[in-house]
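I opened my notebook for another round of looking things up. Here are my entries, in the order I made them.

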Protein chains: 2
Amino acid sequence: MTKKNAFYAQSGGVTAVINASACGVIETARKNKDKIGKVYAGRNGIIGALEEDLIDTSKETVRSIAGLRHTPSGAFGSCRYKLKSLEANKAEYERLIEIFKAHNIGYFFYNGGGDSADTCYKISQLSKKMGYPVQAIHVPKTVDNDLPITDNCPGFGSVAKYIAISTREASFDVGSMCATSTKVFVLEVMGRHAGWIAAAGALASDEKTDLPIVILFPEVVFDRKKFMAAVSAKVKKYGYCSIVVSEGVHYKDGKFLAETGLKDAFGHSQLGGAAPVVAGMIQEDLGLKYHWAVADYLQRASRHIASKSDVDQAYAMGKAAVELALKGKNSVMPTVVRKSDKPYRWTIGEAPLSKVANVEKMMPKSFISRDGFGITPKCRRYLEPLIKGEDYPPYKNGMPQYVKLKLVSVKKKLPEFKVK
Amino acid sequence: MTKKNAFYAQSGGVTAVINASACGVIETARKNKDKIGKVYAGRNGIIGALEEDLIDTSKETVRSIAGLRHTPSGAFGSCRYKLKSLEANKAEYERLIEIFKAHNIGYFFYNGGGDSADTCYKISQLSKKMGYPVQAIHVPKTVDNDLPITDNCPGFGSVAKYIAISTREASFDVGSMCATSTKVFVLEVMGRHAGWIAAAGALASDEKTDLPIVILFPEVVFDRKKFMAAVSAKVKKYGYCSIVVSEGVHYKDGKFLAETGLKDAFGHSQLGGAAPVVAGMIQEDLGLKYHWAVADYLQRASRHIASKSDVDQAYAMGKAAVELALKGKNSVMPTVVRKSDKPYRWTIGEAPLSKVANVEKMMPKSFISRDGFGITPKCRRYLEPLIKGEDYPPYKNGMPQYVKLKLVSVKKKLPEFKVK
């Protein structure tokens, strides 16, 4: 068997730990130089493969690759480019296989969420048909935590930890001034379809540190009256209230709260966040002084307070992907298998991509409290291990030292191809 | 000399480290039990003194008081209540003296910014006149960093560190997806009058980690055309740009960017932030995809990534305040005196309150780069030491363990008095 090269690409929204998976892939491949040649990375994700814009990771130092473990964002560049169905755009799939052939690539590691699992699956199928079989392994990643089968998705735990800590800190702040000042704090978090990230806000409060938190989930249709009653009750009891609102919160007709017809001086619709809208309603209905924050990218980039569970699992998924490839596996995704909640024990499993592609794992109903504004003990048991442990990056002069790679291009061999 | 009790109160917006100053005051007083009786804290700041709502800190355990060093917010409650001038509201000042007399309080430690320095100054003057002299010592605190004489203000360094790190992390995020997605990220930060906090965003980029950052200072009149040119140039060179905008950015006529006439569906003015306004302009003028975040309270409560310099100085200011009192000083404020930038060396000085009260330290012109969108090397030399070092709180199950005090009330001795 001739030694094949590997291809690795990052897909979709980046996270605080996707580079830890890249680190796992590259370090494990380097340890198996007798079986795997070079690891080429796609510049800006799958677009790099399509346009033959490959990065030679062998040009990066051991130290740089190790540094990926503590560097947020996508070191090789990522993109939101979704390949269409085989029927609609066979040319792109064929182009990928051509690229793989030209660069002697036998392993395809694709690091992403649901869409990329689907692409990965199709590539493994098509490559067989085209007579150039490629082992396609998907490396799970998504802050949305919506991939099936795996216990959780690398990237989620660190966002959850950031949101839980930020909500706790802001609640302490508001609580200490509520007698004469701000009584309601609203924090907007990511999660257009699923409330996993919003749910993490509830971890701010626990047995030892009791805090008034109200969650607005995208799974629960927004009911202004009920919501105001929930906030009022907290303010009455605690003197203040913190609200964690998912960007995906919507009305019965599906309209997002963030699109309530705000217009600027020129009459243009304003694409404001959900937080200012919720805050405005609170002032209108309850007359309470508020403050609001929108975490946006800060939440998914916050490597400085990443969850150790998350970093470990992100790395483990990258490592396992290479090991699965070396075992001859194809069209699979390594998964996190939970063995116990407390103490948290997990091991690595695998799932066939046919069962991962196009399946979205929503938050179970049993995870949302009956009133719709909190989480159940079952949800807490699930979430708590995912934010466990700290994994601080190295600092110099007060700043985290994140690596920037050299990103040396591989010489092109094929005619030009431009992604539309 | 009979042993006098001490009074301590937190004033104005709380910070990640104001409790470290409280810890310094209380621990140092406890070490000097032969000279200082009990430390009473005002519940919700000076209002607690006026309403005789005092907290007996001697009821708190050694462990709880030590825990204040790593707990954000104001553990005793704070307020934005400003005492009027002596002429306008002599009754309140007299009430304070009555309270001090009734509880045998001889030391007044007031932990706050410019306004509270002024109150502190007046109390020391009036108490003398009223024949019940109280030693009034101001403990500096403000994220705005605008107190004079002291090198910097406890609370600022930690906000600066949070903003510098968040800007770096978000820039890595945007940079890794800019080829096909978001090209501009806007982060709104505090600072209505002074650009100290916004300036900290520039620390995200340094010699080793070169990032495209554009700062919008409140000191620089907003010029949309020049601003767009600056952003365009960064996007052209780097592929993306991060913008740090102070909430206080305004037009020539003084109107804040955040008040550009946004109206909701009901025609109400929207009190939106500056970030969405700036983001909207960028889309309009440059047609670039953007994301925006508003850090709000998260920045001043972010004890999880507090600056060690800042924590150390906050504690040292509390400790020094008690030591100054023991030396018989009155109407003074301990200060941070910078001895050298690199390595950072500082010692403790003192300033008469007559020179602190009602003096605002603005950012020097020499700290803002000529184009108005960045900082000078001089500013960098000033800021860098303030974010130096990490001082992580203890964690349990993935969450920082912040203390909640018992806050036991002292028995009232005087007739009721309600603050209007």
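**Entry 1: the loop with P343**

I looked up P343(B) and found it in the loop between β10 and β11 (345-352) of chain B. This is a predicted model, so I read the geometry with that in mind. The peptide bond that leads from K342(B) into P343(B) is cis, and its omega is near 0°. I then turned to chain A, where a cis peptide bond joins K342(A) and P343(A), with omega about 0°. P343(A) sits in the loop between β10 (332-340) and β11 (345-352) of chain A. I noted beside this that most peptide bonds are trans.

**Entry 2: K339 in chain B**

Next I moved to strand β10 (residues 332-340) of chain B, which holds K339(B). Is K339(B) buried or exposed? I read a relative accessibility of 58% for K339(B), and the cut-off for exposed is over 50%, so K339(B) counts as exposed. Leaving out residues up to four places away in sequence, I listed R345(B), W346(B) and T347(B) as what K339(B) touches. I also checked K339(B) against E323(B): they are 16 residues apart in sequence, and their C-alpha atoms are 21 Å apart in space.

**Entry 3: positive phi values in chain B**

I kept in mind that most residues other than glycine have a negative phi. Where does S331(B) lie? I placed S331(B) in the loop between α11 (308-326) and β10 of chain B. Its phi is near 60°, a positive value in a residue other than glycine. S331(B) has a relative accessible area of 13%, so I wrote it down as buried.

N104(B) went on the list too, with a positive phi near 55° in a residue that is not glycine. I found N104(B) in the loop between α4 (90-102) and β4 (105-112) of chain B. At 28% relative accessibility, N104(B) counts as partly exposed.

**Entry 4: aromatic rings**

How many aromatic pairs does a search of the whole structure find? I got 32 over all chains. I took one of them and looked at F367(A) and Y382(A): the ring centres are 5.7 Å apart and the planes are at 45°, so I called the pair tilted. F367(A) belongs to the loop between α12 (353-356) and α13 (377-383) of chain A, while Y382(A) belongs to helix α13 of chain A, so the pair ties together parts that are 15 residues apart in sequence. F367(A) and Y382(A) are both buried.

I repeated the lookup in chain B. The rings of F367(B) and Y382(B) have centres 5.7 Å apart and planes at 45°, so this pair is tilted. It links distant parts of the chain: F367(B) is in the loop between α12 (353-356) and α13 (377-383) of chain B, Y382(B) is in helix α13 of chain B, and they are 15 residues apart. I read 7% relative accessible area for F367(B), which makes it buried. Y382(B) comes to 9% and counts as buried.

One more note on rings: F7(A), F100(A), F108(A) and Y110(A) form one aromatic cluster.

**Entry 5: D206 in chain A**

I located D206(A) in the loop between α7 (196-200) and β7 (213-216) of chain A. Which residues does D206(A) touch, not counting residues up to four places away in sequence? I found R168(A) and R380(A). R380(A) is 174 residues from D206(A) along the chain, yet their C-alpha atoms are separated by 9.5 Å. With a relative accessible area of 23%, D206(A) is partly exposed.

**Entry 6: chain A as a whole**

To finish, I stepped back to chain A, which has 13 helices and 13 strands. A compact globule of 420 residues would have a radius of gyration near 22 Å, and I read 23 Å for chain A, which agrees. The C-alpha atoms fill a box of roughly 70 × 50 × 45 Å along the principal axes. Buried residues make up 64% of the 420 residues in chain A. Among contacts with a separation of 6 or more in chain A, I noted that 77% join residues 24 or more positions apart.

For the surface of chain A, I wrote down an accessible area of about 15,600 Å², with 52% of it belonging to carbon and sulfur atoms. Chain A carries 62 positive and 42 negative side chains, and the centres of the two sets lie 4 Å apart.

Note on methods
Residues numbered from 1 in each chain as written. Chains lettered and ligands numbered in written order. Predicted model: local features only at pLDDT ≥ 70, side-chain atom pairs only at ≥ 80, totals over all residues. Heavy atoms only, no water. Helix = DSSP H or I, 4+ residues; strand = E, 2+ residues; numbered from the N terminus. Rg over C-alpha atoms; globule rule 2.2 N^0.38 Å. Buried < 20%, exposed > 50% of the residue type's maximum accessible area, 1.4 Å probe, protein only. Contact = heavy atoms within 4.5 Å. Areas by Shrake-Rupley, 256 points an atom, 1.4 Å probe, with all protein chains shown as cover. Lys, Arg positive; Asp, Glu negative; His and termini not counted. Charge placed at Lys NZ, Arg CZ, Asp CG, Glu CD. Phe/Tyr/Trp six-rings, centres within 6.5 Å; stacked < 30°, edge-to-face > 60°.
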